[in-house]
Amino acid sequence: MTSERMAVAPARRRVYGQLALTLAVLTAVGWLARRNWPVLETGALRLAVADQGWLLVAAAAAAATWVCSAFAQQGAVLRALPSRRLVAAQFAASAAGQLLPAGLGTGAVNLRFLMRCGLSAGRAATALAVKATAGGLVRAALIAVLATACPGVLGLPRPSAMWWVALVAAVLAVTALLGTVLWPRCRRALVLVRDDIRALHTRPHRAVALWGGSLGFALLHALVLIAVTRAVALPLAPPLVALLYFAASCAAALLPTPAGLGSLDAALAFALTAAGGAPAAAAASVVLGYRLLTVWLPLLPGLLVLALLVRRKAL
């Protein structure tokens, strides 16, 4: 019993720390929202009279993200998964992800679903890691491609002597940390992820599902934002909007709030105004529209699907 308590204690501390950080971010967001309420109100009014056709396009793209997520999850697993329950699990996981920070809700639902499908806890966790790795690599590649197509947008600093010194110091610090503390713990997990990726690529249909689903998921989220900008008549080029979205989502990932709540909103609004040149009210309406279609409207149906899957013992 003592050893079990000692094992649970670090996990509880991490959860409490993440919840504390979430509350701090939400408090800051609430303060900023109150301070900038006129801008938010103008943005909401602008969204209310937006082009309904483009909003339907954005809604369709948001719904398709769950299908792409299901493809990516199937691609990360060698055995065949029940397709309908897989899509339903992705929908439910997206709703659970709105309630817990750092993807805990999404990961827990998907982990439970894979275990119900016959995978061991270790294999299910590895499948989630494979999917996350593919998604991260796809987003990095998209940022690189779009940054080339839209030079100067991200405003990256010119490398100087001090910049290189800081970079080398950071690399050495990370290397030392990995080698002395984290590497012994992470090595086994990384080997499993590597082996699973190799095994998946021996089956072309699984590799296509993994990478195609990951690419589609990322592009469809960008399409939601692009369609909302069109709906509110914000004249920004689609590649620019996509680049700003990917950059903002990567920056927001540094703050593990539920679904990036607050952190992604602020990053998107800042990117649209600073790099995109959008007025503050227009940027607010775009962020509100994106959040409405990807978070708030699907939340209640997603929780109902989650409850139904639990009741039917699919989770």
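What is the handedness of the crossing of α5 and α6? In this predicted model, the crossing of α5 and α6 is right-handed, and the report below sets that crossing beside one between α8 and α9 after a short account of the chain as a whole.

**The chain as a whole**

The protein chain contains 11 helices and 0 strands, so that its pattern, read along the sequence, is α-α-α-α-α-α-α-α-α-α-α. Of the 315 residues in the protein chain, 38% are buried. When contacts between residues at least 6 apart in sequence are taken, 75% of them join residues at least 24 apart.

**The nonpolar cores**

The largest nonpolar core is made of 45 residues, and F246, L268 and L272 are those with the most contacts inside it. Two or more residues are given to this core by each of α3 (52-75), α6 (121-149), α8 (204-231), α9 (238-252), α10 (263-274) and α11 (280-311). Another core, of 20 residues, lies apart from it and has A70, A93, A96 and L315 among its members. Leaving aside residues up to four places away in sequence, L272 touches L236, L244, G277, A278, A283, V286 and V287.

**Two helix crossings**

The geometry of the two helix pairs is set out here, with the angle between axes and their separation in each row.

| Helix pair | Angle between axes | Axis separation | Handedness |
|---|---|---|---|
| α5 and α6 | roughly 130 degrees | within 9 Å | right-handed |
| α8 and α9 | about 120 degrees | 9 Å | right-handed |

For α5 (residues 104-116) and α6, the axes cross at roughly 130 degrees, and the two helices are therefore oblique to each other. On the side of α5 the contact is made by G107, N110, L111, L114 and M115, while α6 brings A121, A124, A125, A127, L128 and K131. Sorted by character, the residues of the contact of α5 with α6 comprise 8 nonpolar, 2 polar and 1 charged.

For α8 and α9, which pack at an angle of about 120 degrees, the relation is therefore oblique as well. Here α8 supplies A218, L219, H221, A222, L225, I226, T229 and R230, and α9 supplies P238, V241, A242, Y245 and F246. The residues of the contact of α8 with α9 divide into 10 nonpolar, 2 polar and 1 charged. F246, which takes part in this contact, is also one of the residues with the most contacts inside the largest nonpolar core.

**Two single residues**

Is K131 buried or exposed? K131 is found in helix α6, where it belongs to the contact with α5, and because its relative accessibility is 16%, K131 counts as buried, the cut-off for that word being under 20%. Not counting residues up to four places away in sequence, K131 touches S69, A72, Q73, A76, Q90, N110, L210 and S214, and N110 is also among the α5 residues that make the contact with α6.

Where is the place of A233? A233 is in the loop between α8 and α9, that is, between the helices whose axes are 9 Å apart. With a relative accessibility of 57%, A233 counts as exposed, since that word is used for values over 50%. The phi angle of A233 is near 60 degrees, which is a positive value in a residue other than glycine.

Terms used:
Residues are numbered from 1 along each chain as its sequence is written. This is a predicted model: local features need pLDDT of at least 70, side-chain atom pairs count only at pLDDT 80 or more; totals for chains, interfaces and linings use all residues. Side-chain values use heavy atoms; hydrogens and water are left out. A nonpolar core is a set of buried Ala, Val, Leu, Ile, Met, Phe, Trp, Tyr and Cys residues joined through side-chain atoms within 4.5 Å. Buried means under 20% relative accessible area, exposed over 50%, partly exposed in between (1.4 Å probe, protein chains only). Helices (H or I, at least four residues) and strands (E, at least two) are DSSP runs, numbered from the N terminus. Contact means heavy atoms within 4.5 Å. Axes are lines fitted to C-alpha atoms, for helices over the stretch in contact, and angles run from 0 to 180 degrees between N-to-C directions. Angles under 35 degrees count as roughly parallel, over 145 as roughly antiparallel, 65 to 115 as roughly perpendicular and the rest as oblique. A crossing is left-handed if the near helix is turned anticlockwise from the far one by less than a right angle, and right-handed if clockwise. Ala, Val, Leu, Ile, Met, Phe, Trp, Tyr, Cys and Pro count as nonpolar, Asp, Glu, Lys and Arg as charged, and the others, Gly among them, as polar.
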